[in-house]
Amino acid sequence: FALARHEVTVGEFKRFVADTGYLSTAEQPGAEAGCMGWQTSTARFARQASASWRKTGFEQDDQHPVVCVSWHDAQAFVRWLSQRSGHTYRLPSEAEWEYAARAGTATGQAWPNEGGAASQACNYGNFADQTVGPADYRWSDKHACSDGYFFTAPVGHYLPNAFGLHDMLGNVWEWVQDCYDKAAYANAAVPTDGSAYEVPDCPARGVRGGSWFSGPARSRFAYRGGYGPDSRFDLYGFRVARSLP
């Protein structure tokens with residue numbers, strides 16, 4: 001399989017929407033419209049009915065990773081990309097994601113010397129750190145460095161891993177294909193090509209990699225999360241994989 005060097009950007013998602021007229025989960029009408037966003041004043045996440053990938057509540061340009069997208073939004077994007085390119089694009093499985101993220105390293109984090117110089121974190125990814133946010137807000141669980149980005153950073157801004165991949169840890173959580181609910185695998189078909197199990201009616205899909213919100217405990221290759229496929233936060237994004245012959 002091949003994996004994108006960067007997370008899907010605002011500009012790339014914008015081209016997809018312009019080509020298809022797609023309406024993201026956050027933009028669909030109804031009582032649950034909007035996106036969960038970080039509220040500095042209350043130090044918690046809350047749903048913002050008017051928020052979407054177009055308007056996140058913080059400044060982004062076309063080179064920033066797209067956020068406020070659901071797992072279903074990511075599926076729509078890879079279907080479009082497959083049709084447009086003639087290749088088979090998809091989300092990576094958890095196993096593929098972790099293999100690519102680790103890139104042969106035996107450490108738990110993106111930087112080479114685990115437990116040695118935590119200040120290296122800001123060279124390799126966008127995490128919760130010493131950077132001051134809106135209203136002089138500072139993270140309580142943070143890395144001992146500062147990169148100048150409180151929210152998302154442009155893709156490719158930090159050092160790549162040994163496979164040439166950027167932001168495998170930090171910036172935004174990345175949706176993966178796998179179902180997060182163990183019980184849902186009872187009737188799943190076993191894949192023959194090493195890709196993710198196809199699980200119908202899965203209640204939660206996996207996210208990996210941590211984000212700009214993540215302190216040291218969550219900024220690890222092995223850390224996992226799982227959320228409903230309609231969930232959207234201003235720290236959720238994705239990157240694409242491509243099946244190879």
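These are worked exercises on burial, salt bridges and a surface patch in a predicted model.

Local features here need pLDDT of at least 70, side-chain atom pairs count only at pLDDT 80 or more, and totals for chains, interfaces and linings use all residues. Residues are numbered from 1 along each chain as its sequence is written, and side-chain values use heavy atoms, with hydrogens and water left out.

**Exercise 1. State which residues of helix H1 are buried, and name a helix that helps cover them.**

Step 1. Fix the terms. Helices (H or I, at least four residues) and strands (E, at least two) are DSSP runs, numbered from the N terminus. Buried means under 20% relative accessible area, exposed over 50%, and partly exposed in between (1.4 Å probe, protein chains only).

Step 2. H1 spans residues 10–20, and its buried residues are Val10, Gly11, Phe13, Phe16 and Val17.

Step 3. The cover over these buried residues includes helix H2 (71–85).

Step 4. Look just past H1: glycine 21 has a positive phi of about 75 degrees.

**Exercise 2. Find the salt bridge of lysine 14 and classify both partners by accessibility.**

Step 1. Apply the rule: a side-chain nitrogen of Lys or Arg within 4 Å of a carboxyl oxygen of Asp or Glu. The count is eight salt bridges.

Step 2. Lysine 14 pairs with aspartate 62 at 2.8 Å, N to O. Lysine 14 sits in helix H1, and aspartate 62 in the loop between strand E3 (44–48) and H2, 48 residues apart.

Step 3. Aspartate 62 has a relative accessible area of 34%, so it is partly exposed. Lysine 14, at 38%, is also partly exposed.

**Exercise 3. Describe the salt bridges of arginine 208 and arginine 239 with glutamates.**

Step 1. Arginine 208 meets glutamate 94 at 2.7 Å, N to O. Glutamate 94 lies in helix H3 (residues 94–102) and arginine 208 in strand E6 (residues 205–208), so the pair ties together parts 114 residues apart in sequence. Both residues are buried.

Step 2. Arginine 239 bridges to glutamate 174, with the closest N and O atoms 2.8 Å apart. Arginine 239 is in the loop between strand E8 (236–237) and strand E9 (241–242); glutamate 174 is in strand E5 (residues 173–179), 65 residues apart. Both are buried.

Step 3. Shared partners join Glu94, Glu98, Arg102, Arg208 and Arg224 into one network of salt bridges.

**Exercise 4. Classify phenylalanine 1 by accessibility and place it in the chain.**

Step 1. Phenylalanine 1 is in the segment before strand E1 (2–3).

Step 2. Its relative accessibility is 38%, so phenylalanine 1 counts as partly exposed.

Notes: Contact = heavy atoms within 4.5 Å.
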